[in-house]
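Work through the exercises below with the structure in view. Each task is followed by a solution in steps.

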Amino acid sequence: MDINLHNTLSGRIDTFVPANPRQVSMYVCGPTVYGPVHVGNARPAVVFDLFYRLLRRRYEKTLYARNITDIDDKIIAAAAAENISPPDLAARWKDAYHRDMKALGVLSPDIEPAATAYIGNITVMIETLLAKGNAYYASEHVLFDLTSFADYGALSNRRQEDMMEGARVEVADYKRNGGDFVLWKPSLPEQPGWPSPWGRGRPGWHIECSAMAAACLGEEIDIHGGGQDLIFPHHENEIAQSRCAHGKAHFARYWLHNGHVDWEGEKMSKSLGNVRLLKDALARFPGEAVRYALLSAHYRSPLRWSEDLMHDAKAALDSLYRAAQKIGDVPATAPAPAVEECLCDDMNTPAAFAVLHTAAAKIRRGGDKQAPQTLMAGAQMMGFLNQPPEKWFHRQSLKTDILSPEEIEAMIKNRMAARQRRDFAAADKIRDELIAHGVRLEDSTEKTTWRIEF
């Protein structure tokens, strides 16, 4: 069966045909590591992990690159606020991102380029754009000349004359055009910087991804993915600078974008202050349940995050695991054509989950010989049912096996003492440790009670 995908570039569902069927290439924009991951950041990682799993089943070899942006103004600002070096701050949050992704069952990409390791590739690409007349030097900056690329705006369906200034770029009088974006900018002495033909400085955000994609996967790739918020200006800018530098008809032939995560009717984002941290969700619910929630809506649709969503995801997995208790082992490589057909249909995860739950219902009723394979092989294809049911249903004891009720009570007593002496940092640390073990606290004017919650 064919894989059919909604291609943002064409604006329609296209049948996926790789340039080389023996080696498919996919690049996905990864995190800027300056703070903890929120559930909105986690959605593209889980969505494209699922697509990566599908591609690996269908093609002999898939090269998947997901980058790390480890040099950025937000990293510099966050490091200054903590009085630590930007590399140290980036390393800390990169490690945290990896821990969170592992908890969600996200496979490691084949290649994980970090921007600071590709400064040489970036400067060479900028030199090429300057030599071709697509970029210019002004006031210690190198900028891309928007008017030099006639196809600019094709991805986002925007006309050049209507373009707004790009994200992370301030309007400056040295720009020839308002939409011109930075390829290289100067660094102050206290800021990270690298030598270049244009002075000590650092790259702009957009050029990083173009240079890393070309270095890791080639000048023309099959698939580029990311969140819908990256379509403009980030991905639009990537297309412009990549096509101009390499002279290819395409940068990526298929563009895939996931919808954003909503909280109380608004897109979840740090700038709006309405983020829900992934680590908090993982402290209260199994990683598989968080993964299920992130895939519960079609990937191109907005996802409304809520407490009810998480409880529903946990209950849905309980139902699948109860069915799994009734059957024996099924090889992970076994086919599950009904589930695979749903995923080939523009990654229709709601339909795929419906297939799994139908199979689970048949198993509970008995008599359907195909249902066990559909359930187990299909679920494992999607990254679920990866542990014995007994382990799943004993999560409470597994998560609290190093904390007896007496130990929990003692920690609560220490927390109360810390609060009384107004050492709120110590009190919060104890609370967070309890939450990490699945212990939910409820404070009242008289006492603090606790319960295990997943």
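**Exercise 1.** In this predicted model, decide whether D346 and R300 are buried or exposed or in between, and find how their side chains meet.

Solution.
- Step 1. D346 has a relative accessibility of 3%. The limit for buried is under 20%, so D346 counts as buried.
- Step 2. R300 has a relative accessibility of 30% and counts as partly exposed.
- Step 3. The two side chains, D346 and R300, form a salt bridge with an N to O distance of 2.8 Å.
- Step 4. D346 sits in the loop between α10 (337–344) and α11 (349–365), while R300 sits in the loop between α8 (287–295) and β13 (303–304); the pair therefore ties together parts that are 46 residues apart in sequence.

**Exercise 2.** State which residue forms a salt bridge with E307, and where the two partners lie.

Solution.
- Step 1. The partner of E307 is R284, and the closest N and O atoms of this salt bridge are 2.7 Å apart.
- Step 2. E307 belongs to helix α9 (residues 307–324) and R284 to helix α7 (residues 278–284), so this pair ties together parts 23 residues apart in sequence.
- Step 3. E307 is partly exposed, at 37% relative accessible area, whereas R284, at 12%, counts as buried.

**Exercise 3.** Describe the salt bridge between D49 and R53, and name the network to which these residues belong.

Solution.
- Step 1. The side chains of D49 and R53 meet at 2.9 Å, N to O, in a salt bridge.
- Step 2. Both residues, D49 and R53, are in helix α1 (residues 39–58); they are four residues apart, about one turn of the helix.
- Step 3. D49 is buried, with 0% relative accessible area, and R53 also counts as buried, at 14%.
- Step 4. A network of salt bridges links D49, R53 and R291.
- Step 5. The general background is that side chains of opposite charge can pair when their charged atoms come close.

**Exercise 4.** Give the count of salt bridges, then say where the pLDDT is below 50.

Solution.
- Step 1. With a cut-off of 4 Å between the side-chain nitrogen and the carboxyl oxygen, the count comes to 23 salt bridges.
- Step 2. The protein chain has an average pLDDT of 92, and 93% of the residues score at least 70.
- Step 3. The pLDDT is below 50 over residues 164–169, a stretch with 16 contacts in the model beyond near neighbours in sequence.
- Step 4. Where pLDDT is low, the predicted coordinates should not be read in detail.

Conventions: Residues are numbered from 1 along each chain as its sequence is written. This is a predicted model: local features need pLDDT of at least 70, side-chain atom pairs count only at pLDDT 80 or more; totals for chains, interfaces and linings use all residues. Side-chain values use heavy atoms; hydrogens and water are left out. Helices (H or I, at least four residues) and strands (E, at least two) are DSSP runs, numbered from the N terminus. Buried means under 20% relative accessible area, exposed over 50%, partly exposed in between (1.4 Å probe, protein chains only). pLDDT is the predictor's confidence in each residue, from 0 to 100. Contact means heavy atoms within 4.5 Å.
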